[in-house]
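Got your viewer open and a selection box ready? Here's a walk through the model, one pick at a time.

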Protein chains: 4
Amino acid sequence: MMSIYKELKQECYEANMQLNALNLVVYTFGNVSAVDRKNSVFAIKPSGVAYEVLKPQDIVIVDFDNNIIEGSMRPSSDTKTHAYLYKKWKDIGGIAHTHATYSVAWAQSQLDIPIFGTTHADHLTADIPCAPPMDDALIEGNYEHNTGIQIIDCFKEKQLSHSEVEMVLIGNHGPFTWGKDGAKAVYNSKVLEVVAKMAYLTKQINPEAKRLKDSLIKKHYDRKHGSSAYYGQ
Amino acid sequence: MMSIYKELKQECYEANMQLNALNLVVYTFGNVSAVDRKNSVFAIKPSGVAYEVLKPQDIVIVDFDNNIIEGSMRPSSDTKTHAYLYKKWKDIGGIAHTHATYSVAWAQSQLDIPIFGTTHADHLTADIPCAPPMDDALIEGNYEHNTGIQIIDCFKEKQLSHSEVEMVLIGNHGPFTWGKDGAKAVYNSKVLEVVAKMAYLTKQINPEAKRLKDSLIKKHYDRKHGSSAYYGQ
Amino acid sequence: MMSIYKELKQECYEANMQLNALNLVVYTFGNVSAVDRKNSVFAIKPSGVAYEVLKPQDIVIVDFDNNIIEGSMRPSSDTKTHAYLYKKWKDIGGIAHTHATYSVAWAQSQLDIPIFGTTHADHLTADIPCAPPMDDALIEGNYEHNTGIQIIDCFKEKQLSHSEVEMVLIGNHGPFTWGKDGAKAVYNSKVLEVVAKMAYLTKQINPEAKRLKDSLIKKHYDRKHGSSAYYGQ
Amino acid sequence: MMSIYKELKQECYEANMQLNALNLVVYTFGNVSAVDRKNSVFAIKPSGVAYEVLKPQDIVIVDFDNNIIEGSMRPSSDTKTHAYLYKKWKDIGGIAHTHATYSVAWAQSQLDIPIFGTTHADHLTADIPCAPPMDDALIEGNYEHNTGIQIIDCFKEKQLSHSEVEMVLIGNHGPFTWGKDGAKAVYNSKVLEVVAKMAYLTKQINPEAKRLKDSLIKKHYDRKHGSSAYYGQ
């Protein structure tokens, strides 16, 4: 039987393989999903399947209430986090989660990543937020669903826009990133890891290093994102 | 003449080659063994043979009292440590030993690796123990045999279960890991190295970083290992 | 129609691909140009084009006043910086810009890279200068053009010769390097990254590490560059 | 015309290519030589030739007084250091010099590398010595020849045996290693780099980390090198 989600599965498969090719995952410590807004479903990596053997047809189709729509394998254990974010942020098209080394190190440090330079400012105007670990009651409850709540709450509290800041660190855990599709979410995971390493080194070289000044933050962001952007084709 | 251990040697060979493919060894600084419980023997890498030329038929078969049962080469110099662990822990099927960089750095620091995040908690519920260097009398005696004793003593003293914590650091030396078979032991060596690097970076970024709180440790462990585990297929 | 800049584009293309092969760029975070002094134009990477799909014919030809002479794509967003440097420093033939990790970390630290050893001294006799971030008025103005001014001002103030010191860090941003052609500019980007990593590690191992003494600086530089140079063929 | 040094050149060529394959050199920042004791000459890499284009016939044959015996290219600029060491230490067969990152960082820090663990002790029983930078008079004189003197003096002063300690750091410069042939010299360069990285990380994790205790140093060395060695085939 022909699936109507063949293309979606392929997009999701390719984004997951890209995560691996970019050295952002070891074993199965990561997953990417891609959404089909028309049908209110998303495609996501099956849980615990190695990248070496992953095939497009293994990708699982799930709706926003975590019901499996298509697929014989169990979806990623982080599926409920993805579902919650898709439900709340109606304009995102893909989500990625990794345990990439430098991103995780900042998450384990429970510190926001300071905006130290233009590599960072070319992509977002704020420090990369680190959400505090959730309360014990939420951990013992619907944990992955509550991780979604934790992300949204963090953005509310810090008054951040999820379309300007497409990444977050979960304290003691690791990064989630998103974007207009699965490929953009993976791109943001890579950018986050690069920026996390640069910020780590900067703090080691100069513990007194200062955040980028506001005029430079604005300039670099506008080059790429403003109404008169002139970066890229 | 046909060996009855052909399959065991092949398993052991593949696990050793995997150690190399995962960048856990330089030259011959590592070895993996795999056990055959029915015949009370294990297969282990020959000593000082480069991975580039290692062949399945080079693997040596040894019993739990360190007698060579099959093989024309000398077994790994760490053989007595493997033998002792197989003898004492009757439910493990494979053991790996490496000099992987970050694992060794913690061992040389003589510090347990604190459980800083969920990457760690997805695999074990405790800090990764570092056994103190052994007494001079034991070093001068049956050194590799006594390394086995040192590991078992460390687990007793810290009241750890070897089936929950499948890895240890030997102070000033490096890691030993184990599991249900050779492949799982190698997997644990890789996990340990990844966690060791993340913990190193975490301490550098935030010297005051806190261990993961108990509720999160429990949650992540149960996701993978508890009776209602839902991680993986 | 045959371009008279075919060879120039090829040189520029190859230098850009080399930047990628040497692990100095992630995605499109970098660019190289090569000059044609006779025609007062230079070839530069188009903006936002991935290295995987870049072709020699995509390279854009621009004059020193930033007019596009040939090419259907937009030139790199850093083009004005390149143009300004070519205009002011009439003896350089190529320029490279990267966001290489250790170079950026020093730029974000707003510190010159101290000349700690002979790897550094084999290439230049001074600390690698870090230009301070420019004034807000200049940032809000013709930013990339002003980055060129910022570099030239930094060299004037520190009384450095751009033919002896073929590299600079822009505070909070990253490195620019140059040389007799595009390939040499890329070579200098790699040397800078290597030296930046060594200096980082040196400061971590020994915060009191001293700069190379003058006699050694002179000796190593003369081996390669003096009138009686005897390094290389 | 057939060279009587064809085999020697081939050995030297392969050792140099191995240096590159082991990620110990960038560009031409390194060289290996191999000696022919019967004819009192050694083969060494030509100066400034990239590994990508190096051929066995490019290798230069030099005697212990630095006369070129065979070869059309200029020998490595470090040739006089090699010559001096071969002349003084009559039992070594190969020498390697690199600017490998972690080795250079310790040399730039002007610190001996402490013997922190068994990876180190499996190869040598002492801290890896760092020779202090030479006096200005010697630098301005026959520099590379004097680097040889500097190494020998350092071993005399620290009462080290060059057959037990096959490596040294030149302060502010980088490592020289040696061994029974070119391949062993390269092996020692790799071991040094690995040990240098482990020691760096150890100091970062635990600034109070202690040197390996004497009983362990002795045990690990004897396993490999003593009269009753049992490590390797």
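What follows is a tour of a predicted model, going from chain contacts to single residues.

**Stop 1: chains C and D**

Start by showing chain C and chain D together. Here, 36 residues of chain C are in contact with 35 residues of chain D. Between them the two chains bury about 3,000 Å², with 55% of that on carbon and sulfur atoms.

How many salt bridges does the rule find across this interface of chain C and chain D? Just 1 salt bridge turns up. To see it, select Lys213(C) and Asp136(D): the closest N and O atoms of the pair are 3.2 Å apart. If you'd rather look at polar contacts, the count between chain C and chain D is 11 residue pairs, both residues at pLDDT 80 or more.

Now colour the helices on the chain C side. Helix H4 (118-121), helix H7 (182-205) and helix H8 (214-225) of chain C are the elements that give two or more residues to the side touching chain D. Of these, H7(C) gives the most, with 13 residues. Colour that side of chain C by class and you should get 17 nonpolar, 11 polar and 8 charged residues.

**Stop 2: chains B and A**

Next, hide those two and bring up chain B and chain A. This contact takes 35 residues from chain B and 35 residues from chain A. The buried area is about 3,000 Å², 55% of it on carbon and sulfur atoms.

Again, the rule finds 1 salt bridge across the interface of chain B and chain A. Pick Lys213(B) and Asp136(A), whose side chains meet at 3.2 Å, N to O. There are also 11 residue pairs in polar contact across the interface of chain B and chain A, both residues at pLDDT 80 or more.

On chain B, select helix H4 (118-121), helix H7 (182-205) and helix H8 (214-225), the elements giving two or more residues to the side that touches chain A. H7(B) gives the most, with 13 residues. By class, that side of chain B has 17 nonpolar, 11 polar and 7 charged residues.

**Stop 3: pairs that don't touch**

Put all the chains back on screen. Chain B and chain C do not touch, and their nearest C-alpha atoms are 11 Å apart. Chain A and chain D do not touch either, with their nearest C-alpha atoms 11 Å apart.

**Stop 4: the cysteines**

How many disulfides does the structure hold over all chains? The count is 0. Zoom in on Cys130(A): the nearest cysteine sulfur, in Cys154(A), is 7.8 Å away. Cys130(A) counts as buried, at 7% relative accessibility.

Now jump to Cys130(D). Why is there no bond between Cys130(D) and Cys154(D)? Their sulfurs are 7.8 Å apart, which is too far for a bond, since a disulfide needs the sulfur atoms within 2.5 Å. Cys130(D) is buried as well, with a relative accessible area of 8%.

**Stop 5: Ser103(A)**

Last pick: Ser103(A), in helix H3 (residues 101-109) of chain A. Is Ser103(A) buried or exposed? Its relative accessible area is 1%, so Ser103(A) is buried.

Show what surrounds this serine. Leaving aside neighbours within four places in sequence, Ser103(A) is in contact with Leu169(A), Pro175(A), Leu192(A), Glu193(A) and Ala196(A). With Glu193(A), the contact includes a polar one between the two side chains, at 2.7 Å. For a longer ruler, try Ser163(A): Ser103(A) and Ser163(A) are 60 residues apart in sequence and 20 Å apart in space, C-alpha to C-alpha.

Methods. Residues are numbered from 1 along each chain as its sequence is written. Chains are lettered from A and ligands numbered from 1 in the order in which they are written. This is a predicted model: local features need pLDDT of at least 70, side-chain atom pairs count only at pLDDT 80 or more; totals for chains, interfaces and linings use all residues. Side-chain values use heavy atoms; hydrogens and water are left out. Contact means heavy atoms within 4.5 Å. Buried area is the accessible area (1.4 Å probe) that two parts lose on being put together, summed over both. A salt bridge is a side-chain nitrogen of Lys or Arg within 4 Å of a carboxyl oxygen of Asp or Glu. A polar contact is a pair of N or O atoms within 3.5 Å; within protein, one must be able to donate a hydrogen and the other to accept it, and residues adjacent in sequence count only if both atoms are side-chain atoms. Helices (H or I, at least four residues) and strands (E, at least two) are DSSP runs, numbered from the N terminus. Ala, Val, Leu, Ile, Met, Phe, Trp, Tyr, Cys and Pro count as nonpolar, Asp, Glu, Lys and Arg as charged, and the others, Gly among them, as polar. Buried means under 20% relative accessible area, exposed over 50%, partly exposed in between (1.4 Å probe, protein chains only).
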